[in-house]
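Let's get to know a protein chain together, one question at a time. Take a look at the picture, then follow along.

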Amino acid sequence: MFSFQQLFLSLCLSFTIFSLISQASVPPSATFKYVNEGDYGERRVEYDALYRALEPFAQPFQLCFYSNSTTPDQFTLALRMGTWTNFSRMRWVWEANRGNPVGENATFSLGTDGNLVLADADGRIAWQSYTANKGVVGFQLLSNGNMVLHDSKGRFIWQSFDYPTDTLLVGQSLRLGGPTKLVSRVSEEKTADGPYSLVLEDKTMTMYYRSQIPQNHSFTSHFLNYLLHQRLL
């Protein structure tokens with residue numbers, strides 16, 4: 001059993017560690033605030049999207065605001081993959097706020113508290129990393145496409161690889177106890193979760209289809225809905 005002195009020292013040590021972590025902050029030189037404004041890029045990209053490239057760049061990945069030509073006032077913060085010399089379309093491989101678009105003059109920022117925040121011009125928060133006061137000292141976009149918030153020892157406090165949308169990059173994986181699924185996009189015109197999902201479950205990978213059929217009293221409708229939800233092994 002712990003003596004009173006040992007318990008006191010243990011509590012003091014825990015408090016000291018907690019204090020050091022809580023006091024760690026992003027130096028002003030590493031903070032940023034990008035505004036969704038200005039001219040659009042000219043390169044051909046997936047979905048024939050309108051886009052504005054931001055500074056975070058690690059060949060062949062770049063962070064951008066993009067919108068579909070059918071909804072030019074609704075933007076998604078996304079990671080684009082592709083090279084200038086590649087004739088195929090540049091692809092969107094990660095999205096922060098899928099299904100929850102922002103508008104013109106929206107901001108993507110990292111403050112001294114270490115929280116990544118995507119907010120509309122009126123202050124509405126569309127997405128955030130929930131890493132405020134957790135010891136973050138910096139942000140990086142790595143060469144494998146992983147965006148990370150790290151502490152003073154280089155340990156990842158948050159990483160985009162833990163929050164995939166519909167794409168797995170080299171070195172990224174689905175795992176039990178971590179990111180477990182990929183979700184399709186509704187269509188080229190609509191940026192929202194689609195009906196298909198690939199899910200990692202215990203000892204198997206499963207593909208699901210979410211039916212859009214209304215739940216009525218028709219036997220045919222219920223039966224078809226049942227079939228659509230069966231596992232594709």
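## A friendly tour of the chain

Q: How much surface does the chain expose in this predicted model?
A: Carbon and sulfur atoms supply 57% of the exposed surface. The whole exposed area comes to about 13,900 Å².

Q: What share of the residues counts as buried?
A: A residue counts as buried when its relative accessible area is under 20%. Of the 233 residues in the chain, the share that passes this test is 40%.

Q: How many strands does the chain have?
A: Let's sort the elements by kind. There are two helices. The strands number 14.

Q: In what order do the strands of the open sheet lie?
A: Start with E3 (residues 61–67), which pairs with E4 over six antiparallel bridges. E4 also pairs in the antiparallel sense with E5 (residues 91–95), over four bridges. E2 (50–58) and E5 are the edge strands, each pairing on one side only. The order is therefore E2-E3-E4-E5.

Q: How many residues of E4 are buried?
A: E4 covers residues 76–81, six residues in total. This strand is mostly covered, and its buried residues number five.

Q: Which residue in E4 stands opposite Gln-62?
A: Strands of a sheet pair through backbone hydrogen bonds, either parallel or antiparallel. Here E3 and E4 pair in the antiparallel sense. Opposite Gln-62, in E4, stands Arg-80.

Q: Which residue in E5 is the bridge partner of Ala-78?
A: E4 and E5 are joined by four bridges. For Ala-78, the bridge partner in E5 is Glu-95.

Technical notes: Residues numbered from 1 in each chain as written. Predicted model: local features only at pLDDT ≥ 70, side-chain atom pairs only at ≥ 80, totals over all residues. Heavy atoms only, no water. Buried < 20%, exposed > 50% of the residue type's maximum accessible area, 1.4 Å probe, protein only. Areas by Shrake-Rupley, 256 points an atom, 1.4 Å probe, with all protein chains shown as cover. Pairing = 2+ DSSP bridges.
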